[in-house]
Amino acid sequence: MLRRNFVKSTLGVAGAAIAAGETFANPTGTLAPNKFKLKYASHFGMFQNSVGKDVIDQLKFMADQGFMALEDNGMMGRPVEEQEKIAKEMLRLKMEMGVFVVDKGGNGANTLAAGKKENIDIFLNGCRKAVEVAKRVNAKWMTVVPGDFERNLPIGVQTGHVIDALRRGAEILEPAGLVMVLEPLSDSPNLFLRTSDQTYEICRGVNSKSCKILYDIYHMQKNEGRLIHNIDMTWSEIDYFQIGDEPGRNEPTTGEINYKNIFKYIYDRSKKENKSFIMGMEHGVSQKGKEGETALIKAYVDSDNFAM
C-alpha cells in the first residue's frame with residue numbers, strides 16, 4: 001500500500017520524466033524503471049518515508065526506481081540471518097552489492113600510521129571477518145580508513161607503516177578476489193588519509209589489485225577541488241566512487257558540484273576502457289518526507305541525463 005501511495009504522489013514528477021525520455025517505476029509494471037547510465041547504489045533508510053522501514057521492501061523500491069546497487073556501511077554489524085536475507089533478495093532483483101565498512105573501531109581509531117601491533121591486529125582481524133561477510137552478501141568492495149595521524153612520527157614513517165599494514169590486509173583479501181578501497185576523508189584534519197594523490201601513492205606502494213581508491217566526490221571537493229582533473233590523475237587506482245553534494249552532503253543538484261559533467265566524464269571514460277563503477281549514494285536527503293525522496297529521485301534522473 002505504501003509503495004502504491006508513493007507512486008500516486010509522484011505522478012507529476014513521473015510525467016516530467018517521461019517527457020524527458022525517462023520513467024519512474026511502478027510496482028504494477030505499468031511504467032518501466034529509470035534506465036540510468038551509471039550504477040547508483042542507494043542506502044537503507046533513503047526511501048523509508050515512501051515504503052517503510054523493512055529492508056526487503058526498501059530493496060524492492062530501489063530496484064523499482066532503477067537503483068540497481070546497494071551500499072550498506074554497517075553490513076558487518078547485521079545478524080547473519082539478515083545478511084543472508086538481504087543477499088537472497090538482491091540476487092532475485094539482480095542488484096549488485098557495493099561497499100560495506102571494514103570494522104576496525106571507527107574512522108579515527110586504531111590508526112595504522114602508528115605501526116603498533118595491537119592496531120594492526122585489529123585491522124587484520126576485521127579483514128578476515130570481512131571476507132566471510134563478503135561471501136555471504138556477494139560483495140567485492142569494502143571501505144578502509146587507516147585512522148588518524150600519529151603526529152610524533154615523521155610523515156614518511158607513518159606512510160610506511162600504513163603501506164605495510166595494508167599489504168598484510170591485501171594478502172587476506174586478494175585470494176578471495178576482494179578489494180579494500182581506501183577513502184580519504186574531510187571529516188577531521190586529524191585523519192591520516194586526506195587527498196586523492198596521497199591515496200594514489202599509498203595504493204602504488206601496496207601494489208595489489210586488492211588495494212584501490214574510493215573516490216568520494218563530496219570529501220574531495222572539500223579537501224582539494226579540481227574534481228575531474230584529480231579523478232583523471234588518479235584514475236588507474238580508482239575502483240569505486242561515492243556521491244554527495246557540497247555544502248550539505250545531500251543529493252546532486254543541491255550544492256555547488258556539477259554532477260552532470262562529472263557523471264559524463266566517468267561514463268565516457270569507462271565506456272572507452274570497458275570499465276564499470278558502482279556510484280555510492282552516500283548522502284542525506286535535502287527535503288523531508290516522501291516529497292524529499294521524490295526530489296532525490298528526480299535529481300538523479302536530471303544528473304544522469306547527459307549527452308553520450
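How many bridges join strand β2 to β3? Two, and the strands run parallel, with β2 covering residues 69–71. That small piece is a handy way into this structure, which is a predicted model, so let's start there and work outwards.

First, the big picture. The protein chain has 308 residues, and 54% of them count as buried. Its secondary structure comes to 12 helices and nine strands. A lot of the contacts link parts that are well separated in sequence: among contacts with a separation of 6 or more, 76% are between residues 24 or more positions apart.

Now to the sheet. It is an open one of nine strands, and if you walk across it you meet them in the order β3-β2-β1-β9-β8-β7-β6-β5-β4, with parallel pairing. At the edges stand β3 (96–97) and β4 (100–101); each has a single partner strand, so one side of each is left without a neighbour in the sheet. One helix to look for here is α7, residues 155–173, which packs on the sheet and touches β5 (141–144), β6 (179–182) and β7 (211–216). The direction of α7 makes about 150° with that of β6. We'll come back to α7 further on.

Step in from the β3 edge, past β2, and you reach β1, residues 39–43. Four of its five residues are buried, so β1 is largely enclosed by the rest of the structure. On one flank β1 pairs with β2 in the parallel sense over three bridges. It also pairs in the parallel sense with β9 (residues 278–280), again over three bridges. A41 is a nice residue to click on, as its bridge partner in β2 is A69, while its bridge partner in β9 is G280.

What about L70, which is found in strand β2? Its bridge partner in β3 is M97. Is L70 buried or exposed? Its relative accessibility is 0%, and the cut-off for buried is under 20%, so L70 counts as buried. Leaving aside neighbours within four places in sequence, L70 is in contact with a long list of residues, including A41, S42, H43 and F44, and also M95, E96, M97 and G98. Take H43 as an example: it is 27 residues away from L70 along the chain, yet the C-alpha atoms of the two are separated by 6.0 Å.

The contacts of L70 also include L59, M62, I86 and M90, and that brings us to a pair of helices. These are α4 (residues 55–64) and α5 (residues 80–93), whose axes come within 10 Å and cross at roughly 25°. Angles under 35 degrees count as roughly parallel, and α4 and α5 are therefore roughly parallel to each other. Their crossing is right-handed. On the α4 side the contact is made by V55, I56, L59, K60 and A63, and on the α5 side by E82, K85, I86, E89, M90, R92 and L93. Sorted by class, that contact has seven nonpolar residues, five charged ones and no polar ones.

Back to α7, as promised, and to its meeting with α8 (residues 196–206). How do these two cross? The axes of α7 and α8 come within 9 Å, at roughly 55°; the two helices are therefore oblique to each other. This crossing is right-handed. From α7, the contact uses T159, V162, I163, L166, R167 and A170, and from α8 it uses I202, G205 and V206. These residues divide into six nonpolar, two polar and one charged.

Stay with α8 for a last look. Its buried residues are S196, Q198, T199, I202, C203, G205 and V206. What covers them includes α7, β6 and β7, along with α9 (217–223) and α10 (227–234). Zoom in on T199, which is buried, with a relative accessible area of 0%. Apart from its neighbours within four places in sequence, T199 is in contact with L182, P184, L193 and I213. Finally, α8 is followed by N207, a residue whose phi is positive, near 60°.

Conventions. Residues are numbered from 1 along each chain as its sequence is written. This is a predicted model: local features need pLDDT of at least 70, side-chain atom pairs count only at pLDDT 80 or more; totals for chains, interfaces and linings use all residues. Side-chain values use heavy atoms; hydrogens and water are left out. Two strands pair if DSSP finds at least two bridges between them. Contact means heavy atoms within 4.5 Å. Axes are lines fitted to C-alpha atoms, for helices over the stretch in contact, and angles run from 0 to 180 degrees between N-to-C directions. Angles under 35 degrees count as roughly parallel, over 145 as roughly antiparallel, 65 to 115 as roughly perpendicular and the rest as oblique. A crossing is left-handed if the near helix is turned anticlockwise from the far one by less than a right angle, and right-handed if clockwise. Ala, Val, Leu, Ile, Met, Phe, Trp, Tyr, Cys and Pro count as nonpolar, Asp, Glu, Lys and Arg as charged, and the others, Gly among them, as polar. Buried means under 20% relative accessible area, exposed over 50%, partly exposed in between (1.4 Å probe, protein chains only).
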